[in-house]
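Student: Please take me through one strand at close range. Which partners does it have, and what else packs around it?

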Amino acid sequence: MDVVVLVKRVPDTETKVRVAADGKSVDPSGVQWIMAPYDEIAVEKALQLRDAAGGGAVTVVSAGPAETSKELRTALAMGADKALLLVAPQGAGDAAATAKALADGLKGVPFDLVLCGKQATDDDDAAVGPMVAAHLGVPCVAFVTSIEVAGRTATVKREIDGEVEVLEVDLPAVLTAQKGLAEPRLPGLKGIMAAKKKPLEERPLAAAPSPTETRALSLPPGRAACVKVPATAEGARQLLKALREERGVL
Amino acid sequence: MSHDVLLVAETRDGQLKKGAFEGATAARRVADALGGKVTAVVVGHGVTGADALGRCGVDRVLVVDGPAFARYAGDALAAAVLAAAAKVSPRLVLFSATVAGKETGPAVAARLSAACVADATGLAVEGGELVATKPRLGGKAFAKVAVKAPVAVVSLRQNVVTPADAPRTAAVERLDVAAPASRVRLQQVVAPTAKEIELTEADVIVSGGRGLQAPENWKVVLDLADALGAAHGASRAVVDAGWRPHKEQVGQTGKTVSPKLYVAAGISGAIQHLAGMSGSKVIVAVNKDPDAPIFQVADYGIVGDAMVVLPLLATEARSYLKR
Ligand SMILES: Cc1cc2nc3c(=O)[nH]c(=O)nc-3n(C[C@H](O)[C@H](O)[C@H](O)COP(=O)(O)OP(=O)(O)OC[C@H]3O[C@@H](n4cnc5c(N)ncnc54)[C@H](O)[C@@H]3O)c2cc1C
Ligand SMILES: Nc1ncnc2c1ncn2[C@@H]1O[C@H](COP(=O)(O)O)[C@@H](O)[C@H]1O
């Protein structure tokens, strides 16, 4: 079973965000970079599927700056077999441009399944997976919490409108990983050593122009100071009154 | 270039969902700014009441009705939206940022070679250009994203637009769409035991955290939620502990919610929790620790034991809200 996993390098979720001098990007100074958390889940699931099938390869693919080789090495250390980095020094662009670049980059890479994270925790688009599927002409199920493969179909679960759907999907397909799909393993020392010798191919990416442009990035407006309410019945009444009459939220 | 907006109105059991009216209002505003019309494509089975969208400014309604559309299915919804788009040539295709909208919106964008902006919290026309506002980095930043392509697909986060009257008589037509061969087949639906309010659609949410001390104490959370007509959520700590199911988790690795009112009880306010709820209009925190970080984002704070404060709030809410 051949599985491709799309992984993105993103700022650590603990990062204190500062806006860069250009007013439209994140100030990179002091930012720790990581593999996007949902992508880690996808890598783990890919390894499990490959091992359960008793063969095949897990290929991790990313579009991004050269530094992304670090995150790809982490995936290799977890147990992926090979990596492909489409090197785009300024990033691959918006979701549409990224999806197009990734779909083009996958030409010649064999796969039964493409796994992505449900969303990259920097852009928060949850769009690249479904767009890649559309470009590849294969079906897509987003936000899956379980995958079982039998022959040319996968049975997946996902939550929608408070219900859980069990869906059967023809392979090849693109699936995006929701929390609960797998618990990512930590790479061990052996894995880290082995990863150094695994193939990591780099190809320059002539990123196509993005159909959107980020004009400005700003921090959320600060909230007014917290109004303290006493923990009494009278306090509760005051609070409810304020919520209904002043704030109009009840 | 057309100046029209195509609204994708979701249904459930043949009825329009609340998000359809929020979308209608957002679509009307964009269409007014562009000088265009709003067409809604209503997809479902046994659809009734689709003309109600006229109240929020929809000029024309295309109803795609059939058994294949009874329940959301990605390929079927995409086929319906693409058929409607072929009829209207819209400048903007507007989805709700639901599971359906997040999955099918980008697929439609790819097929139309359109720009795609997901999970927008605002939409405006500036100098003739469409500009969306959207959260990034788990709500730690907001981006203004301008559309440069002739067509844009945008999904609108729920609860960020309040449906507003812009009444007109919507012309309702049927649009026949052949259901595509299904590459994804529904095997089973596991429905929740009780009829619960879906977190991402809720106006009011009461969430609990580890401060509730034990799973059996959850009754105070459920009871306050009931008194407020609210949905209920949880922090990751209690989901990981197995007290509550993952579908209730709010935060970076759970759901992103933006209700009008979010009550956080016994939740410390870790950055990953805030990522899921900081877009709430008003936040109320109940925590026994006056220095808990949740008070930094809360609008109202009660320092106290959640086991005492939540029942107080529930009792007062039951009598106050009746008035
Ligand atoms: C990659 C990653 C992703 C994560 N994703 C999420 C996510 O999606 N959602 C999420 O919630 N967390 C997430 N977390 C976890 C997060 O960092 C916190 O650990 C978690 O939110 C803490 O949950 P809590 O506030 O319930 O518990 P705690 O941090 O233990 O806080 C309990 C609070 O209850 C208060 N308290 C105690 N007793 C009482 C009482 N009797 N009455 C009132 N208050 C009381 C305490 O003062 C304290 O503030 C993530 C972490 C990581 C690393
Ligand atoms: N530059 C990228 N390189 C590789 N995969 C990506 C890239 N951007 C996004 N993805 C994948 O698409 C998923 C969704 O990303 P997004 O649509 O940006 O939220 C991510 O979790 C990754 O799996």
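**A strand and its surroundings in chain B**

Tutor: Arg12(B) stands opposite Gln15(B) in β2(B). That pair is a good way into β1(B), which covers residues 5–12. Keep in mind that this is a predicted model.

Start with the hairpin. β2(B) is the strand of residues 15–16, and β1(B) pairs with it in the antiparallel sense over two bridges. Two residues lie between the strands of this hairpin, and Asp13(B) there has a positive phi near 50°.

Now the parallel partners. β1(B) pairs with β3(B) in the parallel sense, over six bridges. One pair to look for is Val8(B), whose bridge partner in β3(B) is Val41(B). β3(B) itself covers residues 38–44. β1(B) also runs parallel to β5(B), and three bridges join them. There, Val5(B) stands opposite Leu92(B) of β5(B). β5(B) covers residues 92–96.

Next, cover. Seven of the eight residues of β1(B) are buried, so the strand is mostly covered; buried here means under 20% relative accessible area. In a regular strand, side chains alternate between the two faces of the sheet.

Helix α2(B) brings the same strands together from another side of the story. β1(B), β3(B) and β5(B) are among the elements that cover its buried residues. So are β4(B), residues 60–65, and α3(B), residues 99–111.

Which residues of α2(B) are buried? They are Ala76(B), Leu77(B), Ala78(B), Ala80(B), Val81(B), Leu82(B), Ala84(B), Ala85(B) and Val88(B). An α-helix has 3.6 residues a turn, so residues three or four places apart point the same way. With that in mind, follow Leu77(B), Val81(B), Ala84(B) and Val88(B), which are among the buried ones.

Why does the end-to-end distance of α2(B) agree with its residue count? The helix has 15 residues, 74–88, and at 1.5 Å a residue it should span 21 Å. The expected span takes 1.5 Å times one less than the number of residues. The end C-alpha atoms are 21 Å apart, so the two values agree.

Finish just past the helix. Ser89(B) follows α2(B), and its phi is positive, near 45°.

To recap: β1(B) has an antiparallel partner in β2(B). Its parallel partners include β3(B) and β5(B). β1(B) also helps to cover the buried residues of α2(B).

Note on methods:
Residues numbered from 1 in each chain as written. Chains lettered and ligands numbered in written order. Predicted model: local features only at pLDDT ≥ 70, side-chain atom pairs only at ≥ 80, totals over all residues. Heavy atoms only, no water. Helix = DSSP H or I, 4+ residues; strand = E, 2+ residues; numbered from the N terminus. Buried < 20%, exposed > 50% of the residue type's maximum accessible area, 1.4 Å probe, protein only. Contact = heavy atoms within 4.5 Å. Pairing = 2+ DSSP bridges.
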